[in-house]
Amino acid sequence: MNLKNLEAFYWVVTLNSFNKAATKLQTTQPAVSQKITALENDLGFKILDRSFRQFKPTHKGMTLFKYAEKFMRLETDLVAELTENQHLTGTIRLGVSETIVYTWLVEYIEKVQQEFPKVSVEIVVDLTPNLQEGVRTGDLDMAFLLGPTLAFECIEQALCNFELSFLASPSFKGGIGQMSFKTLMSHTILTYPKITYPYKELKAKMKEQGIDEPLSITSYSLATLLRLAEQGLGIAVVPTLTALKEITDGRLEILNTPIRLKTFHFTSVYIHGNDVALKEKLTDVAVMVSDSAMKRLNAQINT
């Protein structure tokens with residue numbers, strides 16, 4: 001059995017696409033189709049059922065896929081075991097939540113460049129739902145996003161936690177003294193769009209308190225939200241540490257309120273594949289960098 005053909009079969013099933021498999025393997029769709037046909041000829045039975053609108057593995061094909069996955073993992077484990085970090089090569093498409101960008105992503109990339117000088121990292125910044133879908137479909141190799149991710153089979157590793165705060169300009173009216181949740185919600189709220197977890201958490205808290213949704217300005221851009229808050233146009237509800245510079249510079253302040261929103265947990269997510277050993281190592285670096293960075297950033301915010 002030709003292992004290259006087996007690899008093509010693995011990626012076709014994993015990505016549910018001949019085109020995406022061809023891109024992953026840096027070849028053409030006809031070449032991938034030929035590999036699948038050759039594999040079926042070697043085995044003497046069909047491994048893909050093409051009678052449906054979307055192809056799917058046959059019963060024997062699913063059994064083959066399970067073993068293909070084991071072959072792929074064994075190959076990458078062997079290569080990783082025998083190869084020093086500085087000699088590992090590859091390109092990793094890394095999806096990242098904007099919260100990570102504003103806190104420890106730069107430190108992480110610097111560390112990766114030091115330890116894995118021959119590994120290229122392509123960064124894609126997006127919302128967690130889109131990052132999840134990117135990892136699931138294979139458009140992304142791995143992602144640092146809000147967890148947990150349970151919609152598909154994947155490997156997850158805890159990274160760090162972020163707390164949300166209510167932030168406003170020092171000149172904001174009503175900023176002196178403790179503010180009730182009802183008072184807070186009587187002002188314009190600046191936060192992420194309604195499909196995001198921060199907004200959903202805020203909405204759940206409003207429902208719990210019996211408060212109607214306030215006037216809001218939402219944006220996918222954290223920089224935009226912070227800028228609007230600085231100009232006194234409303235109260236920003238964002239992860240505290242993402243606004244560390246604005247807080248320490250005195251451009252924004254954390255409003256005094258008894259309301260505490262949910263702590264958000266970030267994880268590293270990736271699926272099995274022929275580069276899983278590299279993704280494990282890159283995740284180990286992320287765990288180390290995030291732990292160190294979060295301790296330092298929290299110390300700064302508390303002084």
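Reader: Why is Cys 154 called partly exposed?

Author: In this predicted model, Cys 154 has a relative accessible area of 22%. Buried would require a value under 20% and exposed a value over 50%, so Cys 154, with its 22%, is placed in the class in between and counts as partly exposed.

Reader: What makes Cys 160 buried or exposed?

Author: The relative accessible area of Cys 160 is 7%, and because the cut-off for buried is under 20%, Cys 160 is counted as buried.

Reader: How do you know how many disulfides there are?

Author: A disulfide is a covalent bond between the sulfur atoms of two cysteines. For the count, the two sulfur atoms have to lie within 2.5 Å. The cysteine sulfur closest to that of Cys 154 belongs to Cys 160 and is 17 Å away, which is too far for a bond. Starting from Cys 160 leads to a matching result, because the closest cysteine sulfur is the one in Cys 154, at 17 Å, again too far. By this rule the count is 0 disulfides.

Reader: Why is His 272 called partly exposed, and where is it found?

Author: His 272 has 26% relative accessibility, and since partly exposed covers the range between under 20% and over 50%, His 272 counts as partly exposed. Its place is the loop between strand S12 (264-270) and helix H12 (276-301). Although His 272 and Ala 21 are 251 residues apart in sequence, their C-alpha atoms are 14 Å apart in space.

Reader: What makes strand S7 mostly covered?

Author: In strand S7, which takes in residues 164-168, 5 of its 5 residues are buried, and buried here means under 20% relative accessible area. The cover extends to both faces, with Leu 164, Phe 166 and Ala 168 buried on one side and Ser 165 and Leu 167 buried on the other.

Reader: How do you know which strands S7 pairs with?

Author: Two strands pair if at least two bridges are found between them. S7 and S10 have 4 bridges, in the antiparallel sense, and Ser 165 has Val 238 in S10 as its bridge partner. S7 and S11 have 2 bridges, also antiparallel, with Leu 167 opposite Ile 254 in S11. Because at least two bridges are needed, S7 pairs with S10 and with S11.

Reader: Why is the pairing in the sheet called mixed, and which are its edge strands?

Author: The open sheet has 5 strands in the order S9-S8-S10-S7-S11, and its pairing is mixed. Strand S9 (216-218) and strand S11 (253-254) are the edge strands, since each pairs on one side only. As for the mixed pairing, strand S8 (residues 189-191) and strand S10 (residues 235-239) run parallel and are joined by 2 bridges, whereas S7 and S10 pair in the antiparallel sense. Within the parallel pair, Leu 190 stands opposite Ala 236 in S10.

Reader: What makes up the nonpolar patch on the surface?

Author: The patch is formed by Val 101, Tyr 102, Ile 123 and Val 125, which together have about 300 Å² of accessible area. Val 101 lies in helix H5 (residues 98-101), and at 30% relative accessibility it counts as partly exposed.

Reader: How is the protein chain divided into domains?

Author: The division gives domain 1 (1-81), domain 2 (88-158 + 263-300) and domain 3 (161-261). The centres of domain 1 and domain 3, taken over C-alpha atoms, are separated by 49 Å.

Definitions and conventions. Residues are numbered from 1 along each chain as its sequence is written. This is a predicted model: local features need pLDDT of at least 70, side-chain atom pairs count only at pLDDT 80 or more; totals for chains, interfaces and linings use all residues. Side-chain values use heavy atoms; hydrogens and water are left out. Patches are made of residues with over 30% relative accessible area and no salt bridge: like charges are joined within 9 Å, nonpolar side chains (Val, Leu, Ile, Met, Phe, Trp, Tyr) within 5 Å. Accessible areas come from the Shrake-Rupley method with a 1.4 Å probe; for residues, only the protein chains shown count as cover. A salt bridge is a side-chain nitrogen of Lys or Arg within 4 Å of a carboxyl oxygen of Asp or Glu. Buried means under 20% relative accessible area, exposed over 50%, partly exposed in between (1.4 Å probe, protein chains only). Domain bounds come from an automatic or database domain assignment.
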